[in-house]
Amino acid sequence: QKGPKDTFEKKGNLIEATFFHENGEVAQKGFYTLSNKLHGEWISFDSNGNKTAIANYNKGMKVGTWKFFNGNEIKEVEYSDERIAKVSTYEIKDVQVVSNR
């Protein structure tokens, strides 16, 4: 692997993991339990550093609302009992900020 090596750091009862793309940008970061199960929030990035997904786990099980980012679109996937309960898609509109200076 070129670029930085993936890192694993014990923090309390969890292991914080950071994985890298070959160009050095962070690919994914999140936590594992000591029994090697994904836990808490995991964030994924493309090779340009743009956020592509936010996922949530509870001791290896998919939980809560996951978000997937694709251009001007955000897809939210809600999990219940490790099954997809609801999918919502939103479009990000351009926002203009006006200053009265």
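The following paragraphs describe the fold of a single chain, its strand pairings and several individual residues. The model is predicted.

The chain contains zero helices and nine strands. Read from the N terminus, the order of elements is therefore β-β-β-β-β-β-β-β-β. The C-alpha atoms occupy a box of roughly 50 × 40 × 30 Å along the principal axes. The radius of gyration of the chain is 17 Å, whereas a compact globule of 101 residues would have a value near 13 Å. Of these 101 residues, 21% count as buried. Among contacts with a separation of 6 or more, 6% are made by residues 24 or more positions apart.

The surface and the charges of the chain were also examined. The exposed area is about 7600 Å², of which carbon and sulfur atoms supply 45%. The chain carries 15 positive and 14 negative side chains. The centres of these two sets lie 4 Å apart.

Two hairpins involve strands β3, β4 and β5. Strand β3, residues 26-33, is joined to strand β4, residues 38-45, by four bridges, and the two strands run antiparallel. Within this pairing, Gln28 has Ser44 of β4 as its bridge partner. Four residues lie between the strands of the β3 and β4 hairpin, where Asn36 adopts a positive phi near 70 degrees. Strand β4 also pairs with β5 in the antiparallel sense, over six bridges. Here the bridge partner of Gly40 is Tyr57 in β5. The hairpin formed by β4 and β5 has five residues between the strands. In its turn, Gly49 shows a positive phi of about 90 degrees.

Gly30 offers a closer view of strand β3, in which it lies. With a relative accessibility of 5%, Gly30 falls under the 20% limit and therefore counts as buried. When residues up to four places away in sequence are not counted, Gly30 touches Ile15, Glu16, Ala17, Glu41 and Trp42. Of these, Glu41 and Trp42 fall within the range of β4, residues 38-45. Gly30 and Ser80 are separated by 50 residues in sequence, and the distance between their C-alpha atoms is 21 Å.

A further set of pairings involves strands β7, β8 and β9. Strand β7, residues 64-70, pairs with β8 in the antiparallel sense over seven bridges. In this pairing, Phe69 stands opposite Ile74 of β8. The hairpin of β7 and β8 has two residues between the strands, and Gly71 takes a positive phi near 60 degrees there. On β8, the pairing continues with β9, again antiparallel, over eight bridges. Tyr79 stands opposite Ile84 in β9. The hairpin of β8 and β9 likewise has two residues between the strands.

Strand β9 includes Ser88. This residue has a relative accessible area of 14%, which is under the 20% limit, and Ser88 is therefore buried. Leaving aside neighbours within four places in sequence, Ser88 is in contact with Ile74, Lys75 and Glu76. Ile74, one of these contacts, is the residue that stands opposite Phe69.

Backbone geometry draws attention to two loop residues. Most residues other than glycine have a negative phi. Lys59, which is not a glycine, nevertheless has a positive phi of about 50 degrees. Lys59 is located in the loop between β5, residues 51-58, and β6, residues 61-62. Its relative accessibility is 55%, and because values over 50% define exposure, Lys59 counts as exposed. Asp81 is also a residue other than glycine with a positive phi, in this case near 55 degrees. Asp81 is found in the loop between β8, residues 73-80, and β9, residues 83-91, and thus in the hairpin of these two strands. With a relative accessibility of 69%, over the same 50% limit, Asp81 therefore counts as exposed.

Key:
Residues are numbered from 1 along each chain as its sequence is written. This is a predicted model: local features need pLDDT of at least 70, side-chain atom pairs count only at pLDDT 80 or more; totals for chains, interfaces and linings use all residues. Side-chain values use heavy atoms; hydrogens and water are left out. The radius of gyration is taken over C-alpha atoms; the globule rule is 2.2 Å times the number of residues to the power 0.38. Buried means under 20% relative accessible area, exposed over 50%, partly exposed in between (1.4 Å probe, protein chains only). Contact means heavy atoms within 4.5 Å. Accessible areas come from the Shrake-Rupley method with a 1.4 Å probe; for residues, only the protein chains shown count as cover. Lys and Arg count as positive and Asp and Glu as negative; His and the chain ends are not counted. The place of a charge is taken as NZ of Lys, CZ of Arg, CG of Asp or CD of Glu. Two strands pair if DSSP finds at least two bridges between them.
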